[in-house]
Structure formats: C-alpha cells, structure tokens
Amino acid sequence: MSKGKPSQAEPAACRLYLVTPPVLEPAAFAPRLIEALDAGDVACVQLRLKNCSDDDVRRACDALRPIAQERDVAFILNDSPRLAREMGCDGVHVGQTDTPYRDARKIMGNDAIVGVTCHDSRHLAMVAGEEGADYVAFGAFFPTATKIAEHHAEPDLLRWWAELMEVPCVAIGGITAANCAPLVAAGADFLAVVSAVWDHPGGPGAGVAAMNAAIAAAPTDWVATKTDGTDAG
Ligand SMILES: Cc1ncc(COP(=O)(O)OP(=O)(O)O)c(N)n1
Ligand SMILES: Cc1ncsc1CCOP(=O)(O)O
Ligand SMILES: [Mg+2]
C-alpha cells in the first residue's frame, strides 16, 4: 500500500477526505456533493449514514457514487462491507465495533480500499497496518458536534506514525481550515472532515477551497526530522 491510497493521482503530502453528513436526502445532497468535488482536490468521499435502513444506504449510493467515481474520487462506504461490495463502492471504512478488518477484506477483495478506525491507539494502528489496512484513522483531534467522540488524539501520534510506517494515516474530528496546520505538519496523509465542508457558510465548494488552501499553506516539518531530532536529510 503506497502513501497515495486512496488517491488516484500521484501521492500528495496531504489530501482532503470528505465524509458526508450523517443524515441526508440523496436528491438534495447530490448538487452539494458536485459543488464540493468541483471546487478542488478531494481524495475520497465516505458515505456515512447513521440510523437508516439498508435501502436508504442503497439509494444514497446509487445517487452519489457515480458523482464521485466520474471525477476519479474514490467512493467509500462507512460500516458495511457487505453493502459496499453490493453497491460497487471503491472501499469501506470499519470501526473497532464494526465488521473486523479481516472479514471486511474478505468481503471487499484485495483491490478495494479498507480503512480502519484506530482512535488514539498505536497498538490498534499497528495491528490494522500489519493485517493489511489501506489506511488507519486517528481521532478525534478537536471537539466535534458530528459524533460523540470517546477518544482524543494528539498530533504527535500522526508524527510517530508517519515517521515509522508506510500505511497512510487519516486524521479526523473537528478539523477545520483554521486548526488543521499542526496535523498537516505532523504528517497526516488525509484530513477527514464533515462540518468544515458541509456547514461552511459559503457552501461546500467554499469549504473544500478553504481546506485545500489551508493544507497547502501548512508546513510539512515531519519529513525533515526523525523522532530523535536528527536531520533525516
Ligand atoms: C475516516 C474515518 N475515521 C473514523 C471514522 C469513525 O468510524 P467508527 O469508529 O466506526 O464510527 P462511525 O463513523 O461508524 O460512527 C470514520 N467513519 N471515518
Ligand atoms: C466520524 C467521526 N469519527 C470521529 S470524529 C467524527 C466526526 C467528524 O466530523 P467533523 O469533521 O464535523 O468534526
Ligand atoms: Mg463505524
């Protein structure tokens, strides 16, 4: 697994990973997704619907998956490898209380993206990475109103991971254009956001543009030094 996945282009230092709002009406949300994806670089879209039926998820996949895939943006489904495979998604994201990684991989196949929530745990991330996860997700880095977050991660976790491991890491939880610089600087490969884009006062296009501008402006000091402080050259 290269540092670039889930990207389609050559690996960039850090890219945007869009997660949908937990409740949406597909027909109304589709133009908002188009606006977001046409506003700048997005590596992937995760459909994350909570408290809805499998048929609701199927309808949302049918409406939103083509919008992402037509733009070479990977379409990842949260929680359900079975539905992800059935609906032609590019991947699935599983948490620690969802389908275990190995079962998710069996269902999805080797070519699909399988990402794993690792909270603030080095141990969970090493296990997921060794088992073959395409990325590990750490968080929550900041307070968030989108989910009751029971774990809090610090940027040093990203720095440690990025310096030691090849498997990409995703940072999630309360991330905005205003606070993301330390995460980029620490070596996050992807920043996963919900409200920073979908609740942006200028609309989702402005949200994507603001996140990408903030990512581009952030320093990337993690490549310059090792944890012992020596210059990595
Ligand atoms: C990229 C990314 N990271 C973490 C999560 C959280 O997954 P999980 O812990 O399973 O919680 P729910 O999202 O299912 O409520 C995620 N979805 N995406
Ligand atoms: C799904 C998830 N997992 C940890 S925090 C979170 C929600 C992120 O949403 P936001 O970007 O609005 O804080
Ligand atoms: Mg989950």
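Q: What makes the pairing of serine 195 with ligand 2 a polar contact?
A: In this predicted model, an N or O atom in the side chain of serine 195 is 2.6 Å from an oxygen atom of ligand 2. A polar contact needs a pair of N or O atoms within 3.5 Å, so this pair qualifies.

Q: How do you know how much of ligand 2 the protein buries?
A: The area of the ligand taken alone is the starting point: ligand 2 then exposes 370 Å², and the protein buries 91% of that.

Q: Which atoms of threonine 144 and glycine 174 lie by an oxygen atom of ligand 2?
A: For threonine 144 it is a polar side-chain atom, 2.6 Å from an oxygen atom of the ligand. For glycine 174 it is a backbone N or O atom, at 2.7 Å. Both distances are within 3.5 Å, so both pairs are polar contacts.

Q: Which residues surround ligand 2, and how do they divide by class?
A: The surrounding residues are Arg48, Thr144, Thr146, Lys147, Ile172, Gly173, Gly174, Val193, Val194 and Ser195. The shell has 3 nonpolar, 5 polar and 2 charged residues. Arg and Lys count as charged, Ile and Val as nonpolar, and Gly as polar, so Gly173 and Gly174 go with the polar residues of this shell.

Q: Where does ligand 2 sit, and what makes that the right word?
A: Ligand 2 sits in the largest pocket. A molecule is said to sit in a pocket if more than half of its atoms lie within 2 Å of the pocket's grid points, so ligand 2 passes that test.

Let's turn to the other ligand.

Q: Which residues come nearest to ligand 1, and where does the ligand sit?
A: Of the 14 residues around ligand 1, the nearest are Arg48, Lys50, Asp98, Thr117 and Lys147. Ligand 1 sits in the largest pocket. Its shell divides into 4 nonpolar, 5 polar and 5 charged residues.

Q: How do you know that histidine 93 makes a polar contact with ligand 1?
A: A polar side-chain atom of histidine 93 lies 3.5 Å from a nitrogen atom of ligand 1. The cut-off is within 3.5 Å, so the pair is counted. Glutamine 46 has a polar side-chain atom 3.0 Å from a nitrogen atom of ligand 1, and threonine 117 has a side-chain N or O atom 2.9 Å from an oxygen atom of this ligand. Taken alone, ligand 1 exposes 420 Å², and the protein buries 91% of that.

Next come some residues in the loops.

Q: Why is threonine 20 called buried or exposed, and what does its side chain reach?
A: Threonine 20 has a relative accessible area of 1%. Buried means under 20%, so threonine 20 is buried. Threonine 20 lies in the loop between β1 (15–19) and α1 (26–37), and a polar atom of its side chain lies 2.9 Å from the backbone nitrogen of arginine 48.

Q: What makes asparagine 51 buried or exposed, and what is its phi?
A: Its relative accessibility is 84%, and exposed means over 50%, so asparagine 51 counts as exposed. Asparagine 51 lies in the loop between β2 (44–47) and α2 (54–69). Its phi is near 60 degrees, a positive value in a residue other than glycine.

Q: Why is aspartate 79 put in its accessibility class?
A: Aspartate 79 has 22% relative accessibility. Under 20% would be buried and over 50% exposed, so aspartate 79 falls in between and is partly exposed. Aspartate 79 is in the loop between β3 (74–78) and α3 (81–86), and has a positive phi of about 75 degrees although it is not a glycine.

Q: How do you know whether aspartate 189 is buried or exposed?
A: Its relative accessible area is 5%, under the 20% limit, so aspartate 189 is buried. Aspartate 189 is found in the loop between α7 (181–186) and β8 (190–193), and its side chain reaches the backbone nitrogen of cysteine 169 at 2.8 Å.

Q: Why is alanine 145 called buried or exposed?
A: With a relative accessible area of 85%, over the 50% limit, alanine 145 is exposed. Alanine 145 is placed in the loop between β6 and α6.

Technical notes: Residues are numbered from 1 along each chain as its sequence is written. Chains are lettered from A and ligands numbered from 1 in the order in which they are written. This is a predicted model: local features need pLDDT of at least 70, side-chain atom pairs count only at pLDDT 80 or more; totals for chains, interfaces and linings use all residues. Side-chain values use heavy atoms; hydrogens and water are left out. A residue is near a molecule or strand if one of its heavy atoms lies within 4 Å of it. A polar contact is a pair of N or O atoms within 3.5 Å; within protein, one must be able to donate a hydrogen and the other to accept it, and residues adjacent in sequence count only if both atoms are side-chain atoms. Accessible areas come from the Shrake-Rupley method with a 1.4 Å probe; for residues, only the protein chains shown count as cover. On a 1 Å grid over the protein atoms alone, a cavity is a set of points where a 1.4 Å probe fits but cannot get out, and a pocket is an open set with protein on both sides within 12 Å along at least five of seven lines; lining residues have an atom within 4 Å of a point. Helices (H or I, at least four residues) and strands (E, at least two) are DSSP runs, numbered from the N terminus. Buried means under 20% relative accessible area, exposed over 50%, partly exposed in between (1.4 Å probe, protein chains only).
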